[in-house]
Amino acid sequence: MTYTEKMLDAYPAEINIDHRQLASVIDALEACAQACTACADACLSEPADRLPMLSRCIRDNLDCAAICSTTAAVLSRHTGYDANLSRAQVQAAIQATKTCGDSCSEHSSRHEHCRICAEACRETEQALKALLPQLEPTSAATGPPSQSAPQQQQPR
């Protein structure tokens, strides 16, 4: 059991999303962020004459790392849950992982770090897509964020 699962299980109120799936997605997001950060750094360590062809890849890596980290943080918070915000953040992460995965795939035959990063992005993209249907707003959580109903029920 990961620390993410332990924290979800320790949450004092009800979370209406499968804990294992949610923990798996949060862990995948963090792993993807790390892979993207490391890939950007590895790209910067390539010979200087290759950097111009890697500039887009580096940018996509850094954007994906930031979005994945933010998405993991948003999905880790449940008090005052806003389904609309969480869903939009997950959709942004799906796009970021797709974009970065595509970008890294272009270089994967020449750079092992890009191959590994593309793999992490693809796996995370699929995990996010599988989670997305569970983030449908309920009728109580469709208003402005300040009026959103918490995802939680009464404490256990």
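Visitor: Quick one to start: how do the residues of the lining of the largest cavity divide into nonpolar, polar and charged?
Guide: There are six nonpolar, three polar and one charged in that lining. Keep in mind that this is a predicted model.

Visitor: Okay, and what volume does the largest cavity have?
Guide: About 40 Å³. The structure holds one cavity of 30 Å³ or more.

Visitor: Which residues are the closest to its centre?
Guide: Ile 17, Leu 22, Leu 75, His 78 and Tyr 81. They belong to a set of 10 residues that line the largest cavity.

Visitor: Let's switch to helices. At what angle do helix 1 and helix 2 pack?
Guide: At about 135°, and their axes are 9 Å apart. Helix 1 covers residues 3–10, while helix 2 runs over residues 19–44.

Visitor: What do you call that arrangement?
Guide: Oblique: angles over 145 degrees would count as roughly antiparallel, so helix 1 and helix 2 are oblique to each other. Their crossing is right-handed.

Visitor: Which residues meet there?
Guide: From helix 1 you have Thr 4, Glu 5, Leu 8 and Asp 9. On the helix 2 side they meet His 19, Arg 20, Leu 22, Ala 23, Ile 26 and Asp 27. By class, that contact has four nonpolar, two polar and four charged residues.

Visitor: I've seen Leu 22 before, haven't I?
Guide: Yep, Leu 22 was among the residues closest to the centre of the largest cavity. Leu 22 also turns up in the contact of helix 2 with helix 5.

Visitor: So how do helix 2 and helix 5 pack?
Guide: Their angle is about 155° and their axes are 9 Å apart, with helix 5 spanning residues 112–131. That makes helix 2 roughly antiparallel to helix 5. Is it left- or right-handed, you might wonder? The crossing is left-handed.

Visitor: Which cysteines take part in that contact?
Guide: In helix 2, Cys 32, Cys 36, Cys 39 and Cys 43. In helix 5, Cys 114, Cys 117 and Cys 121. The whole contact divides into 18 nonpolar, three polar and no charged residues.

Visitor: Last topic: how close do the axes of helix 2 and helix 3 come?
Guide: They come within 8 Å and cross at roughly 155°, where helix 3 is residues 51–76. Helix 2 and helix 3 are therefore roughly antiparallel to each other. The crossing of this pair is left-handed.

Visitor: And how many nonpolar, polar and charged residues are in that contact?
Guide: The split is 21 nonpolar, five polar and one charged.

Technical notes: Residues numbered from 1 in each chain as written. Predicted model: local features only at pLDDT ≥ 70, side-chain atom pairs only at ≥ 80, totals over all residues. Heavy atoms only, no water. Axes fitted to C-alpha atoms, helices over the stretch in contact; angles between N-to-C directions. Helix = DSSP H or I, 4+ residues; strand = E, 2+ residues; numbered from the N terminus. Parallel < 35°, antiparallel > 145°, perpendicular 65-115°, else oblique. Left-handed = near helix turned anticlockwise from the far one by under 90°. Contact = heavy atoms within 4.5 Å. Nonpolar A, V, L, I, M, F, W, Y, C, P; charged D, E, K, R; others polar. 1 Å grid on protein atoms, 1.4 Å probe; cavity = no way out; pocket = protein on both sides within 12 Å on 5 of 7 lines; lining within 4 Å. Points joined across faces, edges and corners; volume = space filled by probe spheres on them.
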